[in-house]
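Please load the model in your viewer and keep the selection panel at hand. The tour below proceeds by selections, with a short account of what each one shows.

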Amino acid sequence: MTEQLRAKVLDGELASGSRLQERNLAQLLSVSRTPVRDSLQVLAGEGLLDYSPHSGYVVREFDLTDVLHAFDMRIALEGMACRALAGKPERARTLPLLHANLDRATDTVDRGEWSPDRQGRWLELNLEFHNIILAAAGNPYLVRGVEQARRAPLIYDARHRRDGDIGHWFTHDEVRQALADHRRIADALTDGPPDRAEFLMREHIYTNREQIRRHGNRTGE
């Protein structure tokens, strides 16, 4: 139940600023109001919903500043994950997974005409690359922190796609640059010192942050 509602918030089906009523959600999901109420409390605790005694639960609206703050958090946490992984024996088991991901990403990004379908595939592979590193770092607190930091950009993007302001955040050239960053990160994890891997991951996410900031400035955020 909670996962269903979380997904509806993150993909914009439950739009930012909309008021969520237990009765309507229970009917939509064909359940009683009790599990809906419990799930709304969980999502409010995660920062996805705002709550007040008078208005109830409302899907939180995230602006560009929220998104940039979320990226700042990712810069710190995912840099730490790279440093941790670079110094662990698990690195040897993780590298084949990263290289397999890079092979599939190269097929998606560098071959054939760039299209919305290919961009969607890239987004999946990009997320997979980062998740491989996070999981292998062996720190569940890092994983939970990054998962939380990813939510603001997802809701912000869903809102702007609905309003027609943002088709895609990154151009094909920017995606190629991101893929090149991934290759450098994998190389650093292969034979570089831990601080090199950390630096490259932090630089990579900061570059993404600045691309989104510039886009937001162009659209008047």
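For the pocket that opens this tour, Ala, Val, Leu, Ile, Met, Phe, Trp, Tyr, Cys and Pro count as nonpolar, Asp, Glu, Lys and Arg as charged, and the others, Gly among them, as polar. Please also keep in mind that this is a predicted model.

**The second largest pocket**

Select Glu46, Gly47, Leu48, Arg60, Phe62, Asp66, His69, Ala70, Gln148, Ala149, Arg151 and Ala152, which together line the second largest pocket. The space in this pocket comes to about 180 Å³. Sorted by class, its lining holds five nonpolar, three polar and four charged residues. If you now colour by secondary structure, you will find that α4 (64-86) and α7 (140-163) each supply at least two residues of this lining, and that α7 gives the largest share, namely four residues.

**Residues 1-62**

Next, select residues 1-62, which the unreviewed UniProt entry annotates as "domain: HTH gntR-type". Within this span, 48% is helix and 16% is strand, and the C-alpha atoms at its two ends lie 23 Å apart.

Begin with helix α1, residues 2-10, where Thr2, Leu5, Arg6, Lys8, Val9 and Leu10 are the buried residues. Moving on just past α1, select Gly12, whose phi is positive at about 85°.

**The three-stranded sheet**

Now show the strands: three of them form an open sheet in the order β1-β3-β2, with antiparallel pairing. Because β1 and β2 stand at the edges and each has a single partner strand, one side of each is left without a neighbour in the sheet. In general, the strands of a sheet pair through backbone hydrogen bonds, either parallel or antiparallel, and backbone atoms are thus worth displaying here.

Select β1 (residues 19-20) together with β3 (residues 56-59), and you have an antiparallel pair joined over two bridges; in this pair, Leu20 stands opposite Tyr57 of β3. Then add β2 (residues 49-52), which pairs with β3 over four bridges, again in the antiparallel sense. Here Asp50 is the residue that stands opposite Val58 of β3. The connection between β2 and β3 is a hairpin, with three residues between the two strands.

**Two residues of helix α9**

For the last stop, go to helix α9, residues 194-218, and select Arg209, which has its place there. Is Arg209 buried or exposed? Its relative accessibility is 13%, and Arg209 therefore counts as buried, given that buried means under 20% relative accessible area. Setting aside neighbours within four places in sequence, the residues in contact with Arg209 are Leu68, Phe71, Asp72 and Ile75.

Gln211 also lies in helix α9, and with a relative accessible area of 8% this residue is buried. Which residues does Gln211 touch, not counting those up to four places away in sequence? Display Phe170 and Glu174, for these are the residues that Gln211 touches. To finish, draw a distance between the C-alpha atoms of Gln211 and Phe170: these residues are 41 apart along the chain, and the C-alpha separation is 7.5 Å.

Notes
Residues numbered from 1 in each chain as written. Predicted model: local features only at pLDDT ≥ 70, side-chain atom pairs only at ≥ 80, totals over all residues. Heavy atoms only, no water. Pairing = 2+ DSSP bridges. UniProt positions renumbered as here; feature names shortened; annotations may be inferred. Buried < 20%, exposed > 50% of the residue type's maximum accessible area, 1.4 Å probe, protein only. Contact = heavy atoms within 4.5 Å. 1 Å grid on protein atoms, 1.4 Å probe; cavity = no way out; pocket = protein on both sides within 12 Å on 5 of 7 lines; lining within 4 Å. Points joined across faces, edges and corners; volume = space filled by probe spheres on them.
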